[in-house]
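Welcome! Please take a moment to look over the sequence and the model before reading on.

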Amino acid sequence: MMHFTKFESFDLGQELIELALAYKANPRIDLAKGQGKRVGCIFLNPSLRTRVSTQIAAQNLGMEPIVLNMDKEGWALEMNEGAIMNKGTVEHIKDAAGVLGTYFDILAIRAFPSLTNKEEDVTDFIFSQFIKYSGVPVISLESATRHPLQSLADQITIQENLAGKKKPKVVLTWGPHIKAIPHAVANSFAEWTLGMGHDLTITHPSGYELDEEFTKGATLEYDQSKALEGADFVYVKNWSGFNDYGKIISTDSSWMLTEKHLKHAPEAKVMHCLPVRRNLELSDEILDSSRSLVQKQAENRIYAAQAVISKILG
Ligand SMILES: NCCC[C@H](NC(=O)CCC(=O)O)C(=O)O
Ligand SMILES: NC(=O)OP(=O)(O)O
């Protein structure tokens, strides 16, 4: 495995889940593996979990992580080939990524979408510039299209909470928000859940259809209460329009999950990647109940990152 940017196969998914669970049971068992190596964690956007869990994961493998908050501490990057840089940008991505490639054994990058330029976002333009010019293995810390470390942590969490079920019913439900939010978490969750062979139902108000590249094989059910019937896992997430790109199409507060929504899903465990806006996206009632897996998902981010870094180290 050279880069870690997306779901690749059931076998690799299962291998990473098992490795992550082994690290969770014994976090420092491979302390010698990364000795003398450095991982650079480059953030073009804010983060709590990804920033800290990736550093802990690297340290558990004996590596030295260095974080650069490029959005606040780096030079303004130029992305366009052949640009005459006589405006706001100070350094070209090809120079910056090239330098970072000489400093680090592995680069980990967070680059959110603009939500205004669909073509650039769907091709992961900024993220792929780092891959192109750094010349070292790159881990996605959330790109415009995907958040694979989150999804791996989510699959670990599902596996740990299967309670004997062979084919759990997993539901991805849209939740309201006040801002235009990226598709990456929803895309990746669908991609990994389907890839790992689970039954996935997606529910959202009309107009919020996701890119079919990620949802092919899922059941689309516009009636949220029908979708939630008999669910074992309910993943709550907001996203903005994909067809009407980056737009807020609905803010319908009746979509916010409460106990009432789960009256026909007594066993359902509820998931969210965090950060979550309480009582907008998801109710206190659910988040503070025993249904909630959100803290477990966040904890598993460490072992997801550790498994991925370890696999890249070889
Ligand atoms: N890394 C996990 C989620 C990141 C991002 N959330 C946000 O932008 C929340 C912003 C806010 O609530 O103002 C998202 O949903 O894709
Ligand atoms: N879930 C997640 O990626 O959180 P952060 O944005 O805080 O890293």
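Here is a short tour of the domains and the ligand surroundings. Please keep in mind that the model is predicted.

Let us begin with the overall layout. The protein chain is split into domain 1 (10-146 + 300-313) and domain 2 (162-292). Taken over C-alpha atoms, the centres of domain 1 and domain 2 are 26 Å apart. Where the domains meet, 14 residues of domain 1 are in contact with 14 residues of domain 2. On the side of domain 1 that touches domain 2, there are 6 nonpolar, 4 polar and 4 charged residues.

Now for the ligands. Around ligand 1 you will find Glu142, Lys179, Ile181, Pro182, Ala184, Val185, Cys273, Pro275 and Arg277. Ligand 2 has its own surroundings, made up of Ser47, Leu48, Arg49, Thr50, Glu142, Gln150, Cys273, Leu274 and Pro275. The shell around ligand 2 takes at least three residues from each of domain 1 and domain 2.

The table sets out both shells by residue class.

| Shell | Nonpolar | Polar | Charged |
|---|---|---|---|
| Ligand 1 | 6 residues | no residues | 3 residues |
| Ligand 2 | 4 residues | 3 residues | 2 residues |

Finally, a word on annotation. An unreviewed UniProt entry carries the annotation "domain: Aspartate/ornithine carbamoyltransferase Asp/Orn-binding" for residues 185-310. In the model, the end C-alpha atoms of residues 185-310 lie 23 Å apart, and the span is 33% helix and 12% strand. Val185, where the annotated span starts, is also one of the residues around ligand 1.

How values were computed
Residues numbered from 1 in each chain as written. Chains lettered and ligands numbered in written order. Predicted model: local features only at pLDDT ≥ 70, side-chain atom pairs only at ≥ 80, totals over all residues. Near = placed C-beta within 6 Å. Nonpolar A, V, L, I, M, F, W, Y, C, P; charged D, E, K, R; others polar. Domains from an automatic or database assignment. UniProt positions renumbered as here; feature names shortened; annotations may be inferred. Helix = DSSP H or I, 4+ residues; strand = E, 2+ residues; numbered from the N terminus. Contact = placed C-beta atoms within 7 Å.
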